[in-house]
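Please open the structure in your viewer and keep the sequence panel at hand. The tour below proceeds by selection, with a description of what is found at each stop.

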Protein chains: 2
Amino acid sequence: MGTMESSFKTIEEVAASTGVSITTVRLVLNGQAERYRISVATRKRVEAYVEEHEVLINHAARSLKLQRSDTIGLVVPHLENAFFARLMSHLEGCCREHGLMLLTASSHEDPGQETHAIRSLLARGVDGMVIAPCQTPARALFAPYLKRVGVILVDRAYAGAPFPLVASNHREGARQLTQRLREQSGDDLLFLCAKPRLPSIRERIQGFQDAFGGVESDWRSRIRIGGADLPAMGAGLVRALLQERGHLPRAMMCSSLMVLEGALEQLKTEYGQIPQDLLIGNFDTEPMLGLIPNRVVSVIQDEAGLARTAFARLTAQSGAESTRVTRDIIPCHFSA
Amino acid sequence: MGTMESSFKTIEEVAASTGVSITTVRLVLNGQAERYRISVATRKRVEAYVEEHEVLINHAARSLKLQRSDTIGLVVPHLENAFFARLMSHLEGCCREHGLMLLTASSHEDPGQETHAIRSLLARGVDGMVIAPCQTPARALFAPYLKRVGVILVDRAYAGAPFPLVASNHREGARQLTQRLREQSGDDLLFLCAKPRLPSIRERIQGFQDAFGGVESDWRSRIRIGGADLPAMGAGLVRALLQERGHLPRAMMCSSLMVLEGALEQLKTEYGQIPQDLLIGNFDTEPMLGLIPNRVVSVIQDEAGLARTAFARLTAQSGAESTRVTRDIIPCHFSA
DNA sequence: CTGTTAGCGCTTTCAA
DNA sequence: TTGAAAGCGCTAACAG
């Protein structure tokens, strides 16, 4: 049979072709056949036709009518960042379980692009959005849409942000990591840290301080603050460090995988390989990191927990008029 | 001024509030003010109002009318897989440059979920979709929509697939990798390979054969085929290998990062650390892989090139009625 | 079980 | 420059 590539079919056409009413077709398509006691024969007729012709309901029309898109938005700084990729993956899982889809945009850590992404998502009528922001989000941007769309912030606790937050316990994770490294290195420990622009980095520094009981003389000398959160910065910090002290500490921790990567590369350059007795602490992890002989302690974030919690807040919030600025803090765990 | 959180505004309301016509508002909103010689004063009035009230055009209504959503879809097996994350990131970049957004879904390598994801995307009226499939996609699924939406397959060249393909040159990449390892190991080389269900893996095996001039006795003994593409499989292959031969070859290559990861972990277990004189070959790469002392040769895929090419084919194809089944093969490069 | 109606917010067309 | 009208495909409501 010559399978002409016909155009897609509307509910009305299905009704015409199967000889039943539009209402009946819609009832069958939306799985309400039982509830409205559509005869089995009729239902089968419609279902067979629908299957044969790959009939799909038009979501644009549906959204327009229902003021609801069954879609949620995600804005993250970088899609290639493994943490955000995992977050997105879990969020997409939540969506699928609930028959929703996920629209994703990235800001590249640029407030302008972030704002643009948010507007695009809003214009597309997302029912909710999850944002890992790179600025304190302006409530005005969302104000006219807040009745229809929920907003949840993740990962970064900008002060004064007017929306609920779901984030890892960066501070306590850092405190525990620092404590372990202190114990195992006899306090011969250095923290290579990116410039603390991001709330998450700031909290890690606080956790570092906490581990020293806040006594400034104890922690101040053990932290090195660099520039942007990039490998080159980690490398630079290590180079400076070696020039200055001439030798490595027993333990070294880095504020992010980026910094760690640069630091380790620089060590390989300087020593030919990573000195095996260096104890390493870091945030987040990659599978291959376990391959070097060194002892590595990693703070692991619970992306699944973050995603599930954010999603739950989103669905709970929808239709709730006033947004209570809740804070869900998700614990981290350790790799070793 | 008490910033009441008013509801979002329609073009009609903007027209009423600013005292101009609907048509004029639309012209301003769509940046056609110049072309239709709207007076500057009028335009400013409208723009000021729009900015103040965060007016956004309703895409659901627009899509319904225009039969076009300015949205494209992406279906991948796993969002956490770094290769697909990079692909998505670059695709999102292409979209942003063209004022589009990206709807993403994952199949978890399950044909049923893939089909479901495709239907969801189609129902949402995407203007095109990029699929990294886990089966030969059925043309029937798309047939009624082909006038409106372009379909491009990436990464996996299933035989008989009825859509254009954009993929890396897996075969030639594998051939060159194998050749290098042969040269540097005096042919003392082993290929640990996942069960060749995926076209990409099959092509890598072909490339491996190519490097031996296809002489079966030469390559057959140097390949070990395992099960699923998972770390545990790589570990199992190494364990079996060591039991069987008692020692490692000079060079070892793996069909994917997954397999490599498991293999290396197993080696660390068996030997306490990765034997330093083992030459390693692999496909794809992670930053931390460079940290072990071993010589590592990696085949690097050009995700940016794949994304750009796929996107270009998509935009070229839209409105082109008949889909020519083109094949764009993107070269790989090497890390070392 | 079925038919009809109105309308979601936008764009296009045509006239003024 | 502006106004009016029709219609994209769907849903909800209600009368039959």
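Select helix H12 of chain A together with strands S6, S8 and S9 of that chain: H12(A) lies across these three strands, and its direction makes an angle of about 135° with S8(A). The model is a predicted one, and every stop on this tour should be read accordingly.

Remain with H12(A), residues 257-271. Its 15 residues reach 21 Å from the first C-alpha to the last, close to the 21 Å expected at 1.5 Å a residue. How many of the 15 residues of H12(A) are buried? The count is 11, and the helix is accordingly described as mostly covered. Colour the buried residues to see where they fall: among them are Leu257(A), Met258(A), Val259(A) and Leu260(A), and also Glu261(A) and Glu265(A). The cover over these buried residues includes S6 (189-193), H11, S8 (251-254) and S9 (279-283) of chain A. Just after the helix, select Gly272(A), which takes a positive phi of about 85°.

**The sheet beneath the selection**

Now extend the selection to the open sheet of 6 strands in chain A, whose order is S7-S6-S8-S9-S10-S12 and whose pairing is mixed. S7 and S12 (333-334) of chain A stand at the edges with a single partner strand each, so one side of each has no neighbour in the sheet. Within the sheet, S8(A) and S9(A) run parallel and are joined by 3 bridges. To locate this pairing, display Met252(A) and Ile280(A) of S9(A), which stand opposite each other.

**A loop after S7**

Follow chain A onward from S7 (223-225) to the loop that leads to H11 (231-245), and select Gly227(A) within that loop. Is Gly227(A) buried or exposed? It counts as exposed, because it has 11 C-beta neighbours inside 10 Å, and a residue with 12 or fewer falls in that class. Leaving aside residues up to four places away in sequence, Gly227(A) touches Lys195(A) and Met233(A). A distance drawn from the C-alpha of Gly227(A) to that of Arg197(A) spans 9.7 Å, although the two are 30 residues apart in sequence.

**Strand S4 and its partners**

Next select S4 of chain A, residues 150-154, which is mostly covered, with 5 of its 5 residues buried. In a regular strand, side chains alternate between the two faces of the sheet. In S4(A), Gly150(A), Ile152(A) and Val154(A) point one way, while Val151(A) and Leu153(A) point the other way, and all are buried.

Add S3 (residues 128-131) of chain A, which pairs with S4(A) in the parallel sense over 4 bridges. Here Val130(A) stands opposite Ile152(A). Then add S5 (residues 165-168) of chain A, which runs parallel to S4(A) and is joined to it by 2 bridges. In this pairing, Leu153(A) is opposite Leu165(A).

**Where the two chains meet**

Display chain B alongside chain A. The contact takes 58 residues from each of the two chains, A and B. On the chain B side, the elements that each supply at least two residues are H4, H5 (82-97), S2 (101-106), H6 (111-123), H7 (139-142) and H12 (257-271). By class, that side of chain B has 30 nonpolar, 15 polar and 13 charged residues. Select S2 (residues 101-106) of chain A with S2(B): the two run antiparallel and are joined by 3 bridges. Leu102(A) stands opposite Thr104(B) in this pair.

**The DNA strands**

Select DNA strand C, which 26 residues surround; the closest are Ser21(A), Thr24(A), Ser39(A), Thr10(B) and Ala61(B). Two or more residues of this surface come from each of H2 (22-29) and H4 (59-66) of chain A, and from each of H1 (11-18), H2 (22-29) and H4 (59-66) of chain B. Which element gives the largest share of the surface near DNA strand C? It is H4(B), with 5 residues. The residues of this surface divide into 11 nonpolar, 9 polar and 6 charged.

Finish with DNA strand D, surrounded by 25 residues, the closest being Thr10(A), Ala61(A), Ser21(B), Thr24(B) and Ser39(B). On this surface the largest share, 5 residues, comes from H4(A). By class, the surface near DNA strand D has 10 nonpolar, 9 polar and 6 charged residues.

Technical notes: Residues numbered from 1 in each chain as written. Chains lettered and ligands numbered in written order. Predicted model: local features only at pLDDT ≥ 70, side-chain atom pairs only at ≥ 80, totals over all residues. Buried ≥ 20, exposed ≤ 12 C-beta atoms within 10 Å, placed from the backbone. Contact = placed C-beta atoms within 7 Å. Pairing = 2+ DSSP bridges. Expected span 1.5 Å × (residues − 1). Near = placed C-beta within 6 Å. Nonpolar A, V, L, I, M, F, W, Y, C, P; charged D, E, K, R; others polar. Axes fitted to C-alpha atoms, helices over the stretch in contact; angles between N-to-C directions.
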